[in-house]
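Me: Could you give me a close look at one part of this model, and then at what surrounds it? I'd like one connected answer, not a list.

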Amino acid sequence: MSQEAVETILRGYRAFTAGDLDTIERLLDPEVEWVGMGEVAAIADRGDVLEILRDRFAEQYRVTVDRCIGVGDEVVVSMRFSRIELDEADDRPLQSRRSYLVGRYAAIVTIQDGRVTRVVEHPHLTAALDAAGVEDA
């Protein structure tokens, strides 16, 4: 199951980078549970997840998968994301006052029957690996 679960995550990643939210919708269980760090359920359902992903795509986030480790029906995922934030007061096409947002994301994603049923966010990759019972290699 591990390789199939990893392939599901990678299909979702490729769909996001292409702006293909229809594919992502098919990969998400209708009752997907998204648990933010220290929270019970940060996002309640597939519609909420799709809305957030639609916003992130519109905001031109660039996402790169660093690690994708299958552990049974779970996948430990580590990603980097970035985007340029323009200064709205500066109308020059090549702004000198733009800023760059760069961050990291880690989570454990549960896959059942080819769909994402649960996502649990972690503060960093090591925490996600520990929670999944995997030693960092």
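The part I have in mind is helix H1, residues 2-18.

Reply: Happy to. A word on the ground rules: this is a predicted model, in which local features need pLDDT of at least 70 and side-chain atom pairs count only at pLDDT 80 or more, while totals for chains, interfaces and linings use all residues. Numbering starts from 1 along each chain as its sequence is written, and side-chain values use heavy atoms, with hydrogens and water left out.

To place the helix, the chain holds four helices and five strands (DSSP runs numbered from the N terminus, with H or I over at least four residues for a helix and E over at least two for a strand). Read from the N terminus, the order is α-α-β-α-β-β-β-β-α. Of the 137 residues in the chain, 35% are buried, where buried means under 20% relative accessible area, exposed means over 50% and partly exposed is in between (1.4 Å probe, protein chains only).

Now H1 itself. Its 17 residues reach 25 Å from first C-alpha to last, close to the expected 24 Å (the expected span being 1.5 Å times one less than the number of residues). The buried residues of H1 are Ala5, Val6, Thr8, Ile9, Gly12, Ala15 and Phe16. An α-helix has 3.6 residues a turn, so residues three or four places apart point the same way. After the helix comes Gly19, with a positive phi near 75 degrees.

Ile9 is a good residue to zoom in on. It belongs to H1 and is buried, at a relative accessible area of 10%. Leaving out residues up to four places away in sequence, Ile9 touches Cys68, Val75, Val77, Val109 and Ile111 (contact here means heavy atoms within 4.5 Å). Ile9 and Thr110 sit 101 residues apart along the chain, yet 9.9 Å separates their C-alpha atoms. For the chain as a whole, among contacts between residues at least 6 apart in sequence, 49% join residues at least 24 apart.

Next, the far end of the helix. H1 packs against helix H3 (residues 46-58) at about 50 degrees, with the axes 9 Å apart; axes are lines fitted to C-alpha atoms, for helices over the stretch in contact, and angles run from 0 to 180 degrees between N-to-C directions. That makes H1 oblique to H3, because angles under 35 degrees count as roughly parallel, over 145 as roughly antiparallel, 65 to 115 as roughly perpendicular and the rest as oblique. On the H1 side, Phe16, Thr17 and Ala18 make the contact, and on the H3 side Leu53, Arg56 and Phe57 do. These residues split into four nonpolar, one polar and one charged (Ala, Val, Leu, Ile, Met, Phe, Trp, Tyr, Cys and Pro are nonpolar, Asp, Glu, Lys and Arg are charged, and the others, Gly among them, are polar).

Ile24 also touches both helices: its contacts, beyond residues up to four places away in sequence, are Gly12, Ala15, Phe16, Leu50 and Leu53.

That brings us to the core. In soluble globular proteins, nonpolar side chains tend to be buried together. The largest nonpolar core has 21 residues, of which Ile24, Leu28, Val75, Val109, Ile111 and Val116 touch the most other members; a nonpolar core is a set of buried Ala, Val, Leu, Ile, Met, Phe, Trp, Tyr and Cys residues joined through side-chain atoms within 4.5 Å. At least two residues each come from H1, helix H2 (21-27), strand E1 (28-35), H3, strand E3 (74-85), strand E4 (99-112) and strand E5 (115-122). The biggest contributor is H1, which gives five residues. Apart from this, there is a second, separate core of eight residues, including Val76, Leu125, Ala128 and Leu129.

For that second core, look at helix H4 (residues 125-132), where Leu125, Ala127, Ala128, Leu129 and Ala132 are buried. Like H1, H4 is followed by a glycine with a positive phi near 75 degrees, in this case Gly133. Leu125 also turns up among the contacts of Ser78, a residue of strand E3 that counts as buried at 7% relative accessibility.
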